[in-house]
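Here are a few exercises on a ligand and the empty space in a protein. Have a go at each one with the structure open, then check the solution beneath it.

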Amino acid sequence: MIEIHIKAIKRGGVIMDNKRDQWGTKLGFILAAVGSAVGLGNIWRFPYLVYENGGGAFLVPYFFAIFTAGIPLLILEYGMGHKFKGSTPLAMERGNKKWEWLGWWPSITAFFILGYYSMILSWAMKYFTLSFSKGWGSDPNSFFYNDFLKLTDSPFQFGTVIWPVLIGIILVWGISWFICYKGVKGGIEKLNKVLLPTLVGIMIVIVVRGITLEGATLGLNKLFTPDWNKVMEPKVWIAAYGQVFYSLSLAMGIMMTYSSYLPKKTDINNSAFMTAFANCGFEFLCAIGVFAILGFMATSQGVGIDEVVSSGIGLAFIVFPKVFSVMGIWGTILGCLFFTCLVFAGLTSCVSLVEAVSSAIIDKTGWERKKVVSVIALAGVVMSSTFASGAGLYILDIMDNFINCYGIVVVGLLEAIVIGWIIKPATIRNHTNKTSYFRIGKWWDFTVKFITPTMLAIMLISNFVKEIKTPYGGYNIPELFAYGWSVIALGIIGALLASKSPWRNKAIEDFKEESEEEVV
Ligand code: PHE
């Protein structure tokens, strides 16, 4: 009797844990996870990647990557966050004490990513306002680099403050601060419930208008005509894994954090499949829209697709403005819709990054969410403001490359190894299977232990060899050290230091008691 009473008190741990923010509904969680996954990568990276890597034939490595890395790692991250009820560092620590730092590294990287993500969103906001009057003029290329960004000659030449960019950055941080300040259910879930359906609706309008433009079929044929020879090239497979990884926001501390806010009885396996397929569907929608519009552009200029095709910043801020300029009223409408899509897709990803950082600090310090989010937003504005200079684009370019090629890949690799070989996949599999409608089998263990680490190791080695042969982007070594390698080093050192300081949040002790009880 007394024992039961003690257990009830210990169950106070559960009550404490219940203090952890929670999603209002499972749909809210899925929308937020998809909101993080759906981002600039879907809109401006995926379409070009398909085109460049074998068109329709790219779907083979792409789906292979989704089933052997995307979904298994989503299940893994959801499972870790859900089982250990913690932000990434806390979940890792609860999985195995020695590996807490591996949870801090992506959280610190997330903060750096926010530096340039907020800048790109700030550009997109500015371009939204410009689309009404096609304010980029007759030469969008020169407008973007010279008039708007006032790009200097090298990454160490900062030039002047670019006020419109700085104001945009402050706005983006302000919105992210407000959403995270409002909490998981009252802020993040609500934001995604509104923005995500709107985003899909707008993209459907763009696609429908796109495919009815003259020349659209030219673009779509180019996009989807399979080139089976490409499937034989290892670099195409590496590209597929890279895209799946980046696009699903894996190894970023986000998915573990988001799943830690789920109630006990939640179908994890099913959620992972839904997130992956929703993201994949949106990716295809974007590819169709982008290539239909590029087909129109090529036809109207009487040139081949290869002369207009582009990705990333070049596509969004140079090629597309050119297309909108030759289109008349539809150009204005499509311009506004396109930049709205960029802003919405980016904002939901930004918020997920801020939440990954905040949640880790809340768990560690026990400070109130409002205080933590405010401190992060202020620090974020200061850090991001270096980007609002004439060197901003260079810093973005170098940092993004290093974070993607090394930061995310190494974290993913270590994550798979630690969970595959130390924490053991069965620990997570048994947990997710307990609450899931369909159970995952031993194949999942095999994937986590062998396939994912092998692919990530190959990716890492190939990136490194490429870097040694020709340093990235024609930059010199001090520049690459200042903005690239240093970010990786800071991430690791910061992570090791953070993992040395004690957990001050009371709820952690209680959790341990609860899990011990469960074992009994
Ligand atoms: N998943 C996002 C995209 O596809 C990118 C992203 C990566 C966002 C990491 C947040 C963190 O664009």
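**Exercise 1. The shell**

How many residues surround the ligand, and which are the closest? Work out also where they come from and what classes they belong to.

*Solution.* Keep in mind that this is a predicted model.

Step 1: pick every residue with a heavy atom within 4 Å of the ligand. That gives you 14 residues, with Ala37, Leu40, Gly41, Tyr246 and Ser249 as the closest.

Step 2: map the shell onto the helices. H3 (26-37), H4 (40-52), H12 (234-247) and H17 (329-365) each bring in at least two residues. The largest share is that of H4, with three residues.

Step 3: sort by class. You should end up with seven nonpolar and seven polar residues, and no charged ones.

**Exercise 2. Polar atoms and cover**

Find protein N or O atoms that lie within 3.5 Å of an N or O atom of the ligand, then say how much of the ligand's accessible area the protein covers.

*Solution.* Step 1: start with the ligand's oxygen atoms. A backbone N or O atom of Ala37 sits 3.0 Å from one oxygen atom, and a polar side-chain atom of Asn42 is 3.1 Å from an oxygen atom too.

Step 2: turn to nitrogen. Here a polar side-chain atom of Ser249 lies 3.0 Å from a nitrogen atom of the ligand.

Step 3: look at the cover. On its own the ligand has 310 Å² of accessible area, and the protein covers 99% of that.

**Exercise 3. The cavity**

Which cavity does the ligand's space correspond to, and what lines it?

*Solution.* Step 1: count the cavities of 30 Å³ or more; there are three.

Step 2: place the ligand. The space it takes is the largest cavity, which has a volume of about 220 Å³.

Step 3: list the lining. It has 22 residues, and those nearest the centre are Ser36, Tyr117, Tyr246, Ser249 and Met252. H3, H4, H7, H12, H17 and H19 each give two or more residues to this lining.

Step 4: split the lining by class, and you get twelve nonpolar, nine polar and one charged.

**Exercise 4. The pocket**

Describe the largest pocket by its volume and lining.

*Solution.* Step 1: the volume comes to about 1400 Å³.

Step 2: 40 residues line this pocket, and Arg45, Leu49, Asn401, Asn404 and Cys405 are closest to its centre.

Step 3: name the elements. Those giving two or more residues are H4, H7 (100-131), H12, H16 (312-325), H19 (392-423) and H21 (442-469). H19 has the largest share, at eleven residues.

Step 4: by class, the pocket lining holds 22 nonpolar, eleven polar and seven charged residues.

Conventions:
Residues numbered from 1 in each chain as written. Predicted model: local features only at pLDDT ≥ 70, side-chain atom pairs only at ≥ 80, totals over all residues. Heavy atoms only, no water. Polar contact = N/O pair within 3.5 Å; in protein donor to acceptor, adjacent residues only side chain to side chain. Areas by Shrake-Rupley, 256 points an atom, 1.4 Å probe, with all protein chains shown as cover. 1 Å grid on protein atoms, 1.4 Å probe; cavity = no way out; pocket = protein on both sides within 12 Å on 5 of 7 lines; lining within 4 Å. Sits in = over half its atoms within 2 Å of the grid points. Helix = DSSP H or I, 4+ residues; strand = E, 2+ residues; numbered from the N terminus. Nonpolar A, V, L, I, M, F, W, Y, C, P; charged D, E, K, R; others polar. Points joined across faces, edges and corners; volume = space filled by probe spheres on them.
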